[in-house]
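Biologist: Could you take a close look at one part of this model for me, the second largest pocket? I'd like to know what lines it and where that lining comes from.

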Amino acid sequence: MYKDYRDSRITEGVCNMTMDSSSMTMPMSDPNAWATAMNNLGMPPMGLTGQPLMPDFDPNLGMMAGITPMNPMMPGLGMVPAPLSQDIPVIKEIIHCKTCTLFPPNPNLPPPATRERPPGCKTVFVGGLPENANEQLIMEIFGQCGDITAIRKSKKNFCHIRFAEEGTVDKALFLSGYRIRLGSSTDKKDSGRLHVDFAQARDDLYEWECRQRMLAREERHRRKMEEDRLRPPSPPPIVHYSEHECSQLGDKIKDDGKFAEAVRVLLTWLERGEVNRRNANNFYSMIQSSNSHIRRLMGEKSQHEKEMEEAKEKFKTALAGILAQFEQIVSVFQAASKQKAWDHFSKAQRKNLDMWRKQAEEIRNMHNEQLMGIRREEEMEMSDDDMEDLPDSKDSEDSGVSQAEALKEENDSLRCQLDAYRNEVELLKQEQGKNQPIRSEEDSTHSQQLSFLQQALQGMQKQLLKMREELKQREAELQKSSEDKQQLKTQVQNLKEGLQKLQSAQATQLETLKQDDRGGEESVNQSSEVTVVSCSQEKEGPTEKTPQSPVHSEREALLVGIISTFLHVHPFGASIEYICSYLQRLDTKINPSEVEALLSRLPCTFRQELTGVGASLEKRWNFCGFQGIKST
């Protein structure tokens, strides 16, 4: 029967449902069943009209006394049941309606199969209806799931129901598999098995697509608003060139606060090609004013560099103070670790104190390395400056002389330009006195030229004064550099004298060593006369030199002793990284390559072995001094 229903649904399809029918609300046959269903969901029992069915309901209890739990899909249930856990099985019970009764399927059977849910599905396919079923019966059964907008019933015992909301479709699917019986009749035409499944309707798809397009429009609008909010503001428009704007821009360029904005306008005018023979002097004066800001910017840069150096000094002093406090804290932990105070602490307190001491030492070492790094950088910078100053002192003196000469030449050229400007101003005045201006436009241009020339003269005078001051400063620097050169010469002379003294002392030491060697040779000759046989045997054998000691310094001897003690308590040996990690606690400057070279020079004291197989192969060093003393 189910196969016939599916075939008939596939053949007929679902057409566009435009049939509208008013939602029918059926009276509840049993209000207690409705209250029990809502109580099982943990909700206060409410009727279809909104009035409370049980005034003594306690939401904290979840169940009301005297009412047995029933199926949540009882008639009158108008909400989607809460999602149940996968571990808790859904219990379906008998549902009594006004004109029919719904019997649940066998719980041991698998759940009924359903097709893939179409997007925006509001329509369900209902098959297996009794032959005597009508729209009123369908409304009575499925009307409790939610508002129904359309019902399309077929003659072959199936129908399509379209709900107002998508959520009601899930509640309708809950009834799939139920056996239906009209009244108490046993006739085959009054019974059937319901099969509820998703249906594909064009109206549902159209509404879903409209909703998706609306959401896409809202998302595009939101993104556009966000982009507009995050977009940087557009720069202000550049004014067009005119005589009035040019005069105002000249004043703005001279102002330090408005220089950045004014120079941008000047750059735009130059790129647009606003310069011509008539206004070339105006642009020249503005470019000259822009050039005068270089000195101010260099001064600001030096000021910021000075502030940065002061900040570095402050950071250095603060770091030194912090390091001193860390040293005090570490000393406190060391004092507490002594046996006089350590025995009075409990085991947990000792554990905490040990952990805190290690943390404090690690932080202290880290800050100490940071401070030492800063000092090493400063020393390297100072040494680089000294190395540059010593060979380049002559070059710096020559460069200072050349700079002074260049400043003198620039000063002379500025004077010549100033005289030329003065002559040009006088000629303009004479021409203005002899010939009266014919046109007002020419008068305005002459007056503007005069004003610009006066401004240029003032600027040149200021530059002359500054150049004179720079010349005086350079002369003072030259004098100071000559004094430094004299001091360096005296230092070099002293170093040469000290070198000669050292050479003479070395010569005397060599003479004494030669005399000692001669005395040793005489003693050797005397001993050779006494022991002739032993000397002949030694001559026959190869000449052997006294072996050089593998330990070169006292520091290496201390390392050998410490490593021997460390490996003596590790009978199975230790890797070079483990040994270095132990030694670096005593001295952070110890290098693993140095330690490994020292161990390899002492084969009778330390022996290297390979342990492990394959990827776990590891080199370990063992202490073999007790065996080596027998072989040496």
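**A look at the second largest pocket**

Modeller: Sure, and keep in mind that this is a predicted model. Among contacts in the protein chain between residues at least 6 apart in sequence, 67% join residues at least 24 apart. As for the overall make-up, the chain has 18 helices and 10 strands, and 27% of its 632 residues are buried. About 44,400 Å² of the chain is exposed, with carbon and sulfur atoms supplying 54% of that.

Now to your pocket. Its volume is about 820 Å³, and 31 residues line it. Nearest the centre of the pocket you'll find Gln288, Ser289, Ser292, Gly459 and Gln463. As for where the lining comes from, α13 (440-530) gives the largest share, with 11 residues. At least two residues each also come from α6 (243-254), α8 (280-291), α9 (293-336) and α12 (393-434). Sorted by class, the lining holds 15 polar, 9 charged and 7 nonpolar residues.

If you want something to set beside the pocket, try helix α17 (residues 592-600), whose buried residues are Val595, Leu598 and Leu599. Those three sit on the same side of α17, because they cover an arc of only 100 degrees around the axis. In general, an α-helix has 3.6 residues a turn, so residues three or four places apart point the same way. The partners that the buried residues of α17 pack against are two helices, α15 (554-568) and α16 (576-586), plus two strands, β9 (606-611) and β10 (618-623).

Technical notes: Residues are numbered from 1 along each chain as its sequence is written. This is a predicted model: local features need pLDDT of at least 70, side-chain atom pairs count only at pLDDT 80 or more; totals for chains, interfaces and linings use all residues. Side-chain values use heavy atoms; hydrogens and water are left out. Buried means under 20% relative accessible area, exposed over 50%, partly exposed in between (1.4 Å probe, protein chains only). Helices (H or I, at least four residues) and strands (E, at least two) are DSSP runs, numbered from the N terminus. The arc is that of the directions from the helix axis to the C-beta atoms. Contact means heavy atoms within 4.5 Å. On a 1 Å grid over the protein atoms alone, a cavity is a set of points where a 1.4 Å probe fits but cannot get out, and a pocket is an open set with protein on both sides within 12 Å along at least five of seven lines; lining residues have an atom within 4 Å of a point. Grid points are joined across faces, edges and corners, and a volume is the space filled by probe spheres set on the points. Ala, Val, Leu, Ile, Met, Phe, Trp, Tyr, Cys and Pro count as nonpolar, Asp, Glu, Lys and Arg as charged, and the others, Gly among them, as polar. Accessible areas come from the Shrake-Rupley method with a 1.4 Å probe; for residues, only the protein chains shown count as cover.
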